[in-house]
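The following paragraphs lead the reader through one structure, from its open space to its charged contacts and its nonpolar surface. Please keep the sequence and the coordinates in view while reading.

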Amino acid sequence: MKNYFDIDGPFMRAMRDLMYLVVLNLLTLLCCVPVVTSGAALAAMHYVMMQMVEGTEGHIARTFFKQFKANLRNATPIALIYIAAGVLLFFEFKAANQAGSNEKVIIVCIYALIFILLSLFVWVFPLTAKFVYSTSGAFHNALYLAVSKLPRTIAMDAITIIVPMLLVNVPQLWPLAVFVGISLPSYLCVLIYFPVFKKIIKEKEGDDEGDN
């Protein structure tokens, strides 16, 4: 029991991680205020969370802002694509509600597109945070992982939808929505996708050694 409450014990580690999630949530919210920078904010958040999972995190805020700046170039185009897609789907959904007999078909197609975009979303920003890709390369690899790791993709999709919905729709959980509404579901997703990333990194290192 004594070891449980040691500075490096499970309880203290959990409390430290919770504090980090609160800090990351607030930093991410702050950097998402200019909507076009939301991609860099999400990439920076995922980068720090991957360090947390590895146990190599340093100064949380300093690392976040360093990665935020580093990802502005690569993550911003991805964010702009999602913003444009979101606006387009909103107006399509609004138009579908005013349509005639084809309304249900259109709405089903919209939900299918939302599923595809969400399935890419849960992979593309973590990939951008961890690896260097062009915009098309990031989406290509996100699509490959979304399909090849479909059970993980579905689990992350569910977490990304259900956790925020619970936090927003249950009044007792509203404080949690403010403090960990973004970071908590993202951290749960990190626990799911990071083993895949570790395998990719190991394979890349093996290829590099083979080339040498």
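What volume does the largest pocket have? In this predicted model, the volume of the largest pocket is about 400 Å³. Its lining consists of 15 residues, and those closest to the centre are Tyr82, Ile83, Gly86, Leu118 and Phe121. Three helices each supply at least two residues of this lining: H2, H3 and H4, the last spanning residues 103–130. The greatest contribution comes from H3, with six residues. The search for such space rests on a simple principle: a probe the size of a water molecule, rolled over the atoms, shows where empty space is left.

Helix H3, which covers residues 60–96, also contains Ala79. Is Ala79 buried or exposed? Its relative accessibility is 2%, and because residues under 20% are classed as buried, Ala79 counts as buried. Once residues up to four places away in sequence are set aside, Ala79 touches Val36, Ser38, Gly39 and Phe125. A further distance helps to place this residue: the C-alpha atom of Ala79 is separated by 16 Å from that of Leu30, a residue 49 positions away along the chain.

Val36, one of the residues that Ala79 touches, also belongs to a nonpolar patch on the surface. The other members of this patch are Val35, Leu80, Ile83, Val87, Phe90 and Phe91, and together the residues of the patch have about 620 Å² of accessible area. Ile83 thus appears in two settings, because it is a member of the patch and is also listed among the residues closest to the centre of the largest pocket. Val35 lies in the loop between helix H1 (10–31) and helix H2 (38–54). With a relative accessible area of 48%, Val35 is partly exposed.

Attention now turns to the charged side chains. How many salt bridges does a search of the whole structure find? The search finds two. One of them pairs Arg13 with Asp17, with their closest N and O atoms 3.4 Å apart. Both residues are in helix H1, and because they are four residues apart there, about one helical turn separates them. Arg13 counts as partly exposed at 22% relative accessibility, whereas Asp17 counts as buried at 12%. Apart from its neighbours within four places in sequence, Asp17 is in contact with Met52 and Tyr187.

The other salt bridge joins the side chains of Arg13 and Glu57, at 2.9 Å from N to O. This pair links distant parts of the chain, since Arg13 is in helix H1 and Glu57 is in the loop between H2 and H3, 44 residues apart. Glu57 is buried, its relative accessible area being 16%. Through shared partners, the salt bridges join Arg13, Asp17 and Glu57 into one network.

Key: Residues are numbered from 1 along each chain as its sequence is written. This is a predicted model: local features need pLDDT of at least 70, side-chain atom pairs count only at pLDDT 80 or more; totals for chains, interfaces and linings use all residues. Side-chain values use heavy atoms; hydrogens and water are left out. Buried means under 20% relative accessible area, exposed over 50%, partly exposed in between (1.4 Å probe, protein chains only). Contact means heavy atoms within 4.5 Å. Patches are made of residues with over 30% relative accessible area and no salt bridge: like charges are joined within 9 Å, nonpolar side chains (Val, Leu, Ile, Met, Phe, Trp, Tyr) within 5 Å. Accessible areas come from the Shrake-Rupley method with a 1.4 Å probe; for residues, only the protein chains shown count as cover. A salt bridge is a side-chain nitrogen of Lys or Arg within 4 Å of a carboxyl oxygen of Asp or Glu. On a 1 Å grid over the protein atoms alone, a cavity is a set of points where a 1.4 Å probe fits but cannot get out, and a pocket is an open set with protein on both sides within 12 Å along at least five of seven lines; lining residues have an atom within 4 Å of a point. Grid points are joined across faces, edges and corners, and a volume is the space filled by probe spheres set on the points.
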